[in-house]
Amino acid sequence: MLSRPKVTLKLATSLDGKIALANGDSEWITGRAAREAGRRLRGSHDAICVGANTAIIDNPQLTARIHGLSDPVRVIFDSRLRLLPESNLVQTAEATPLWIFCCNHESKKADTLKSRGVTLLPVFHDNGLSIEAALDMLFRRHIKTLLLEGGGQLTAGFLRLGVIDRIEWFRAPIILGGDGRSGIGNLGIEDLDMAHTFNRVSVEGLGRDVHEVYERII
């Protein structure tokens, strides 16, 4: 039995696995049907998480925005508390829970965030935030399912730890090239035997896009 949330990675990329142009432009890579399916995924999970860069650059709300679906708890991995009080996430923290994993939760910035309804959760080790400790804390806070929506470095960290159980991959029929931003950061793989392997369990067309579902090989 898992003592951590079941983790689903959601990706919306080009055919070559890019999530944005080199300048950060990503709106919109996939079409309307794929975006709606992605929002439904949010409504079917207890919590959703992204890294600090994604939260700052995209300034998302991370809500389902579909009638009848509950919004997940929003979780941000932000070791240095770079998220601005003016961000959409903080501005809506009173209405929809916002939890931030950080290294320092005692500062003027921390006090400001907490006054806006943000919950700060310190989980750190020598090299920064501990994903393993964060997952343990989420599980103890009754989060049983977690949707990971990026960015590339956080996704790579989850993969290196071996805690991604399912992938929901939406791919648009476009190619952005090597200067585009990758959906997954460096994994340090030096041999194909070290590659992370998944089984594809379904595939369907969503307008011009393709939605593939993969499950981890145990």
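User: What is the order of the strands in the open sheet of nine strands, and what makes two strands a pair here?

Analyst: The order is E6-E5-E4-E3-E9-E1-E10-E13-E12, and the pairing is mixed. Two strands pair if DSSP finds at least two bridges between them. Strands (E, at least two residues) and helices (H or I, at least four) are DSSP runs numbered from the N terminus. The model is predicted, so local features need pLDDT of at least 70 and side-chain atom pairs count only at pLDDT 80 or more, while totals for chains, interfaces and linings use all residues. Residues are numbered from 1 along each chain as its sequence is written, and side-chain values use heavy atoms, with hydrogens and water left out.

User: Which strands are the edge strands, and what makes them so?

Analyst: They are strand E6 (119-122) and strand E12 (198-206), each of which pairs on one side only. Neighbouring strands of this sheet are turned by 20° against each other on average, with direction ignored.

User: How do you know that E1 and E10 pair, and in which sense do they run?

Analyst: Six bridges join strand E1 (residues 6-13) to strand E10 (residues 166-171), and the pairing rule asks for at least two, so they pair. The two strands run parallel. Among the matched positions, Thr-13 stands opposite Arg-171, and Leu-11 has Trp-169 as its bridge partner.

User: How many bridges hold E10 and E13, and in which sense do they pair?

Analyst: There are six bridges, and the sense is antiparallel. Phe-170 of E10 faces His-211 in E13.

User: What does helix H1 touch in the sheet, and how is its direction related to that of E10?

Analyst: Helix H1 (residues 32-43) touches E1, strand E3 (47-51), strand E9 (145-148), E10, E12 and strand E13 (209-216). Touching, or contact, means heavy atoms within 4.5 Å. The direction of H1 makes about 160° with that of E10. Angles run from 0 to 180 degrees between N-to-C directions, on axes fitted to C-alpha atoms (for helices over the stretch in contact). Helix H6 (residues 152-161) lies across E1, E3, strand E4 (73-77), E9 and E12, at about 135° to E9.

User: Why is H5 called roughly perpendicular to H6?

Analyst: Helix H5 (residues 131-140) and H6 pack at about 85°, with axes 10 Å apart. Roughly perpendicular covers 65 to 115 degrees (under 35 is roughly parallel, over 145 roughly antiparallel, the rest oblique). The angle falls in that range, so H5 is roughly perpendicular to H6. Ile-131, Glu-132 and Leu-135 of H5 meet Leu-154, Gly-157, Phe-158 and Leu-161 of H6. These residues divide into five nonpolar, one polar and one charged.

User: How do you know whether Asp-165 is buried or exposed?

Analyst: Asp-165, in the loop between H6 and E10, has a relative accessible area of 10%. Buried means under 20%, exposed over 50%, and partly exposed lies in between (1.4 Å probe, protein chains only). Asp-165 therefore counts as buried.

User: What makes the pair Asp-165 and Arg-4 a polar contact?

Analyst: Their side chains are joined at 2.9 Å. A polar contact is a pair of N or O atoms within 3.5 Å; within protein, one must be able to donate a hydrogen and the other to accept it, and residues adjacent in sequence count only if both atoms are side-chain atoms. The distance is within the limit, so the name applies. The backbone nitrogen of Val-7 also lies 2.8 Å from a polar atom of the Asp-165 side chain.

User: Why is Glu-212 called buried, and what are its polar contacts?

Analyst: Glu-212 is in strand E13, and its 3% relative accessibility is under the limit, so it counts as buried. Its side chain makes polar contacts with the side chain of Arg-200 at 3.2 Å and with that of Tyr-214 at 3.1 Å. Leaving aside neighbours within four places in sequence, Glu-212 touches residues including Ile-167, Trp-169 and Ser-202.

User: What makes the phi of Leu-62 worth listing, and how is this residue classed by accessibility?

Analyst: Phi of Leu-62 is near 60°, a positive value in a residue other than glycine. Leu-62 sits in the loop between helix H2 (52-58) and E4, and at 2% relative accessible area it is buried. Arg-65, in the loop between H2 and E4, has a positive phi of about 55° although it is not a glycine.

User: What is the omega of the peptide bond from Gly-150 to Gly-151, and what is that bond called?

Analyst: Omega is near 5°, and the bond is cis. Gly-151 is in the loop between E9 and H6.

Key
Ala, Val, Leu, Ile, Met, Phe, Trp, Tyr, Cys and Pro count as nonpolar, Asp, Glu, Lys and Arg as charged, and the others, Gly among them, as polar.
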